[in-house]
Amino acid sequence: MISFEHVHKRYPERGDALTDLSFELQAGEMAFLTGHSGAGKSTLLRLIGLLERPTRGQVIVNGRNLGALPRRKIPQHRRQVGMIFQDHRLLADRSVFDNVALPLVVAGLGHKEIGRRVRAALDQVGLLARERATPVALSGGEQQRVGIARAVVGRPPLVVADEPTGNLDPDLSLEIFRLFERFHQVGVTLLIATHDLGLVTRMPYRRLTLADGRLESDSRSR
Amino acid sequence: MMMMMIKKQHARARQQHPRLLDLPGLWLNRHLQNAVATLGRLMRTPLPTGMTVAVIGISLALPAALFVATENLRTMAGGWEQAAAASLFLRQDIDDEEANRLAERLRANGAFAQVHLIDRDQALDEFRELGGFEDALSQLQHNPLPIVLALYPHPSESSPARLEALQTELIALPEADFVRMDTLWLQRFQAILDLAQRAVILLGGLLGLGVLLIVGNTIRLEILNRRSEIEIMELVGATAAFIRRPFLYTGAWYGFLGGMMAWFLVTIAVILLQQPVSRLATLYRSEFPLSGLGPLALLTILAGSITFSLIGSWIAVNRHLRGADAL
């Protein structure tokens with residue numbers, strides 16, 4: 001599903017973020033991405049979502065070589081990748097329903113189909129009763145669940161999350177991880193960046209560790 | 001896993017099939033939704049929207065008002081076309097018989113389509129009718145007015161140069177006292193009107209450019225205000241066209257509302273001026289209904305206003321939305 005081959009990413013203002021990074025993630029796999037802050041976790045995820053392009057090397061996602069993807073195909077690609085952020089990235093002036101519906105609206109789906117799918121996604125994250133609320137009326141954990149519903153509402157084969165539990169207490173974090181597990185069980189490929197090491201080590205999933213932009217360890221030896 | 005993928009593909013095929021079938025309907029629907037949604041958004045902030053619309057309206061009202069003024073003057077001048085092109089005033093000592101002979105000679109000349117003789121009594125009656133002079137005229141012992149020959153040159157003889165030549169020929173006649181060339185004056189007036197009309201176009205273009213800048217700047221601010229929203233939409237896979245569309249519609253609405261405002265302002269002005277103009281016309285013993293902006297003029301204003309606004313927002317959108325997904 002994801003394949004990095006000798007990927008370098010250099011930012012003009014702060015130097016190398018990723019150096020010679022290679023790894024593969026199979027379809028249906030769930031993996032954690034850990035490492036100290038500034039190790040390049042976010043950069044890696046941004047490359048997958050094509051928010052950035054690598055300086056060198058190849059990133060292949062879902063059979064697509066992202067380096068060769070023309071600009072006008074970028075929206076199409078992003079609809080295939082559900083992205084979750086630490087700060088949720090919700091629209092504060094829109095209802096929960098509208099926030100979750102956004103990827104479907106953008107994809108041009110019909111009204112009925114949108115309503116059906118949004119409610120299904122909200123049901124999955126346990127927020128069906130809050131569809132009319134605005135994000136500010138929700139707790140941090142609930143906001144993150146709205147973000148997750150938005151990421152999966154388009155039924156993407158791949159979901160990436162950047163520190164989804166960064167602002168949550170352990171109980172809520174566990175709840176979020178259980179949610180990810182459920183997506184994993186229905187075949188979604190997940191890559192989750194986190195430094196919630198306590199939780200991660202207790203779960204039986206692959207762990208990729210970055211240090212200074214290099215792959216330091218991979219719990220599954222190749 | 002395989003089964004699931006196949007199922008997924010099926011589901012995708014199902015959802016895409018009807019979309020292909022009613023694509024034109026969907027496209028129209030999307031535009032309609034955008035149009036309604038952007039208008040709603042503008043209406044929710046009436047004060048800033050109103051101010052922008054007022055600026056556009058006032059800018060466009062200026063050339064529109066000038067247009068109305070020239071059109072009315074043209075209508076007025078059209079009424080004068082019927083007047084004689086030249087009036088040949090004969091010397092006081094010329095009597096009716098001599099005048100008639102001169103008229104015959106001029107008719108035979110061929111330069112004139114019509115030669116009309118106005119004798120002293122007729123002239124006095126006409127003068128009385130013009131109003132205001134009745135008392136003064138009744139004081140006079142004898143009729144002071146000369147015999148006048150009203151001359152209508154052939155259209156082929158009506159160029160300004162030809163008319164001036166005609167003027168020198170007429171003044172050279174022994175019977176002539178003086179010659180007044182009405183057409184020459186009318187033609188100068190027409191030339192001034194043409195100039196004014198050119199000025200309307202120039203002014204319209206210049207203020208249209210102003211509208212372009214106003215709307216462009218308003219849209220630029222709107223884009224900056226909604227930066228985070230735009231970023232989120234890009235994250236979930238919105239195409240550039242999808243993000244641009246509401247801004248372009250907003251620009252078009254500004255143009256439409258501004259154009260309507262311009263029309264409204266000019267119409268109000270015409271209504272307010274109608275009464276003083278009628279009074280003025282009455283003083284000249286005539287009537288003159290002011291004409292406002294007709295449907296064609298309204299359409300022109302709206303088309304121009306919307307076009308300039310769209311260009312302005314197009315430029316803003318292209319300048320400020322490019323940076324977001326420049327990869």
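This passage walks through a predicted model of two chains, A and B, beginning with confidence and ending with their contact.

For the complex as a whole, the predictor reports an ipTM of 0.88 and a pTM of 0.74. Chain B has a mean pLDDT of 82, and 87% of its residues reach 70 or more. Confidence within chain B is lowest in helix H1(B), where the mean is 46, and highest in helix H11 (residues 295-320), where it is 93. The start of chain B deserves a careful eye: over residues 1-19 the pLDDT stays under 50, and the model has 5 contacts beyond four places in sequence for this stretch.

Chain A contains 7 helices and 10 strands. Its C-alpha trace spans about 45 × 40 × 35 Å along the principal axes. A compact globule of 222 residues would have a radius of gyration near 17 Å, and chain A agrees with this because its own value is 17 Å.

A good place to start exploring chain A is an open sheet of 4 strands, which follow the order S2-S1-S4-S5 with antiparallel pairing. Strand S2 (15-25) and strand S5 (64-65) of chain A are the edge strands, each pairing on one side only. Strand S1 (residues 2-11) of chain A is joined to S2(A) by 7 bridges, and the two run antiparallel. Here Ser3(A) has Glu24(A) in S2(A) as its bridge partner. Helix H1 (residues 41-48) of chain A packs on the sheet, where it touches S1, S2 and strand S4 (56-61) of chain A; the direction of this helix makes about 120° with that of S1(A).

S1(A) is also joined to S4(A), by 5 bridges and again in an antiparallel manner. In this pairing, Glu5(A) has Gln58(A) in S4(A) as its bridge partner. From S4(A) the sheet continues to S5(A) through 2 bridges, with the strands running antiparallel. Across this pair, Ile60(A) stands opposite Asn65(A) in S5(A). S4(A) and S5(A) form a hairpin with 2 residues between them, and Asn62(A) in the turn has a positive phi of about 55°.

Chain B, in turn, is divided into domain 1 (36-79 + 200-321) and domain 2 (84-188). The centres of these two domains of chain B, taken over C-alpha atoms, are separated by 51 Å.

Chain B has an open sheet of its own, with 4 strands in the order S2-S3-S1-S4 and antiparallel pairing. Strand S2 (112-118) and strand S4 (176-181) of chain B stand at its edges with a single partner strand each, so one side of each has no neighbour in the sheet. On average, neighbouring strands of this sheet are turned by 20° against each other, direction ignored. Strand S1 (residues 86-90) and strand S3 (residues 148-153) of chain B pair over 4 bridges in the antiparallel sense, and Leu88(B) stands opposite Leu149(B) in S3(B). Helix H8 (residues 182-225) of chain B lies across S1 and S4 of chain B and runs at about 20° to S4(B).

Finally, the two chains meet in a contact that takes 20 residues from chain A and 16 residues from chain B. On the chain B side, the elements giving two or more residues are helix H1 (2-21), helix H2 (23-44) and helix H9 (227-235). H9(B) gives the most to this side, with 4 residues. By class, the side of chain B that touches chain A has 10 nonpolar, 3 polar and 3 charged residues.

Notes. Residues are numbered from 1 along each chain as its sequence is written. Chains are lettered from A and ligands numbered from 1 in the order in which they are written. This is a predicted model: local features need pLDDT of at least 70, side-chain atom pairs count only at pLDDT 80 or more; totals for chains, interfaces and linings use all residues. Two residues are in contact if their C-beta atoms, placed from the backbone, lie within 7 Å. Ala, Val, Leu, Ile, Met, Phe, Trp, Tyr, Cys and Pro count as nonpolar, Asp, Glu, Lys and Arg as charged, and the others, Gly among them, as polar. Domain bounds come from an automatic or database domain assignment. Two strands pair if DSSP finds at least two bridges between them. Axes are lines fitted to C-alpha atoms, for helices over the stretch in contact, and angles run from 0 to 180 degrees between N-to-C directions. pLDDT is the predictor's confidence in each residue, from 0 to 100. The radius of gyration is taken over C-alpha atoms; the globule rule is 2.2 Å times the number of residues to the power 0.38.
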